[in-house]
Amino acid sequence: MTALGTPVRRPAPAGPPAAGPPLLTRCRALVRPALTEAVGRLHPWVAEMAAYSFGWCEMGGAPGAGSGGKGMRQALAVLGAEAAGAPARAGVPAAVAVELVHAFSLLHDDVMDGDPTRRGRPTVWKAYGTGPAVLAGDALFALAVETLAVQPPPSGPAAVRLLSGALGDLVRGQADDLLFAARPWSGPERVTPEAYRAMAEGKTGALLGCSAALGALLGGAPPATVTALDRAGRRLGVAFQVVDDVLGVWGDPSVTGKPVHADLRERKKTFPVLAALASPGPAARRLAGLLDRDGDPAEAAALVEAAGGRAAALAEADRLVAAAEEALTEADLAAGAVRDLRSLVGFAVRRDV
């Protein structure tokens with residue numbers, strides 16, 4: 001029984017796959033049976049919350065048609081194995097582990113940020129309660145470590161170490177992101193674009209890099225290949241976050257699911273805003289004053305654009321995508337997998353900005 005007296009059910013079969021190119025569909029189809037089996041090993045109530053977070057079921061366990069996301073991280077893991085010359089299935093344990101860690105981080109992020117919805121549905125903490133959501137996140141994290149720990153040596157222990165390092169970076173990035181909220185918009189204590197890059201690499205880039213690197217590691221790749229794929233994924237992660245920031249200010253609400261100027265209303269220190277504040281000229285000074293007095297978000301958006309923040313963010317995303325693609329040339333990778341990885345990099349940042 002759940003805390004509300006509802007009978008607990010095992011996770012329902014996954015609903016329709018999320019949207020995306022055939023590459024993502026192929027990787028999701030390969031990984032989903034192993035991911036479903038892993039979640040099914042959890043305590044039934046915890047498994048239901050995990051399945052709910054993936055969009056596989058509704059509260060109470062009834063089959064759901066929610067989207068569990070595009071599966072970028074699991075695709076990177078599968079392609080990492082293929083880049084090492086191994087069959088795609090060699091990357092499945094890595095894909096399962098990173099998908100579980102990603103889900104764990106989202107459950108805890110939603111609690112920390114107080115977000116009531118995700119992908120058009122109540123977040124786990126809103127549906128089941130804060131304590132149960134934290135518990136479900138902890139269970140997913142433990143399951144991810146177990147998934148890698150049972151892999152045969154030497155790859156299993158090395159994979160756990162790689163994941164642990166990425167998790168440390170993720171926590172540092174999340175801590176910086178939370179602390180940024182209390183820092184001023186101007187003056188010596190302001191958040192700089194450089195500080196933002198370091199935060200975004202930890203919060204978003206570390207797990208993307210780890211995804212590709214873990215797949216390569218389990219596929220038997222040499223250290224140079226593992227390192228190159230980690231570097232490419234980290235750069236992609238920062239680019240993805242910068243593009244997300246642009247959408248958070250100017251994105252179409254029908255696409256983003258957020259109100260127009262959402263990030264400015266929430267006073268988030270995003271890259272376009274920070275780049276605008278760091279620019280010379282009267283628009284940057286007016287923007288700083290407006291933000292200090294919690295002014296109109298629409299006026300703030302206009303000033304960010306006038307100060308060059310939007311253009312700087314898009315240029316930064318382009319630079320990071322080029323850097324990610326450059327990293328793919330730094331190791332001896334299977335040609336077909338490199339083509340797919342480049343396609344995935346382009347898809348990740350090719351959004352309506």
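# A walk through the predicted model

Arginine 267 has a relative accessibility of 30% and therefore counts as partly exposed. The structure in which this residue sits is a predicted model, and the walk begins at arginine 267 before turning to the helices. Arginine 267 lies in the loop between α11 (262-265) and α12 (271-277), and its phi is positive, at about 60 degrees, although the residue is not a glycine. Most residues other than glycine have a negative phi. A second arginine with a positive phi is arginine 119, which has a value of about 55 degrees and is likewise not a glycine. Arginine 119 is placed in the loop between β1 (117-118) and β2 (121-122), and with a relative accessibility of 40% this arginine counts as partly exposed because the intermediate class runs between 20% and 50%.

Back in helix α11, we find aspartate 263. Aspartate 263 has a relative accessible area of 4%, and because buried means under 20%, this aspartate counts as buried. What does aspartate 263 touch, not counting residues up to four places away in sequence? The residues are Asp245, Gly248, Lys258, Lys268 and Thr270. Lys258, one of these contacts of aspartate 263, also serves as one end of a distance across the model, since glycine 61 and lysine 258 are 197 residues apart in sequence and 28 Å apart in space, C-alpha to C-alpha. Glycine 61 itself belongs to the loop between α2 and α3 (72-83), where its relative accessibility of 6% makes it buried.

Helix α9 (residues 223-250) holds glutamine 241, a residue whose relative accessible area of 15% places it among the buried ones. When its neighbours within four places in sequence are left aside, glutamine 241 is in contact with Tyr196, Ala200 and Thr204.

The next stop is helix α4, whose 22 residues should span 32 Å at 1.5 Å a residue, and whose end C-alpha atoms, 31 Å apart, agree with that expectation. Is this helix largely enclosed or largely open? Of its 22 residues 19 are buried, so α4 is largely enclosed by the rest of the structure. Following α4 comes glycine 114, which has a positive phi near 70 degrees.

Helix α6 (residues 130-149) has 20 residues and reaches 29 Å from its first C-alpha to its last, which is close to the 28 Å expected at 1.5 Å a residue. The buried residues of α6 are Pro132, Ala133, Ala136, Gly137, Ala139, Leu140, Leu143, Ala144, Thr147 and Leu148. They lie on the same side of α6, because they cover an arc of only 165 degrees around the axis. An α-helix has 3.6 residues a turn, so residues three or four places apart point the same way. The cover over the buried residues of α6 includes α1 (22-39), α2 (44-54), α4, α5 (124-128), α7 and α8 (193-218).

Beyond α6, the chain passes through the loop between α6 and α7, in which proline 154 is found. Proline 153 and proline 154 are joined by a cis peptide bond, with omega at about 0 degrees. Most peptide bonds are trans. Helix α7 contains valine 160, which, apart from neighbours within four places in sequence, is in contact with Val145, Leu148 and Ala149. Between the C-alpha atoms of valine 160 and proline 44, which are 116 residues apart along the chain, the separation is 26 Å.

Helices α4 (92-113) and α7 (155-180) come together again in the second largest pocket, where each supplies at least two residues of the lining. Which residues line this second largest pocket? The lining is made of Phe104, Ser105, His108, Asp109, Met112, Leu167, Leu170, Val171, Gln174 and Ala175. By class, the lining of this pocket divides into 6 nonpolar, 3 polar and 1 charged residues, and the space within the second largest pocket is about 150 Å³.

The walk ends in helix α15 (residues 309-327), where alanine 323 lies. With a relative accessibility of 13%, alanine 323 counts as buried, and its C-alpha is 31 Å from that of leucine 35, the two residues being 288 residues apart in sequence.

Note on methods:
Residues are numbered from 1 along each chain as its sequence is written. This is a predicted model: local features need pLDDT of at least 70, side-chain atom pairs count only at pLDDT 80 or more; totals for chains, interfaces and linings use all residues. Side-chain values use heavy atoms; hydrogens and water are left out. On a 1 Å grid over the protein atoms alone, a cavity is a set of points where a 1.4 Å probe fits but cannot get out, and a pocket is an open set with protein on both sides within 12 Å along at least five of seven lines; lining residues have an atom within 4 Å of a point. Grid points are joined across faces, edges and corners, and a volume is the space filled by probe spheres set on the points. Helices (H or I, at least four residues) and strands (E, at least two) are DSSP runs, numbered from the N terminus. Ala, Val, Leu, Ile, Met, Phe, Trp, Tyr, Cys and Pro count as nonpolar, Asp, Glu, Lys and Arg as charged, and the others, Gly among them, as polar. Buried means under 20% relative accessible area, exposed over 50%, partly exposed in between (1.4 Å probe, protein chains only). Contact means heavy atoms within 4.5 Å. The expected span of a helix is 1.5 Å times one less than its number of residues. The arc is that of the directions from the helix axis to the C-beta atoms.
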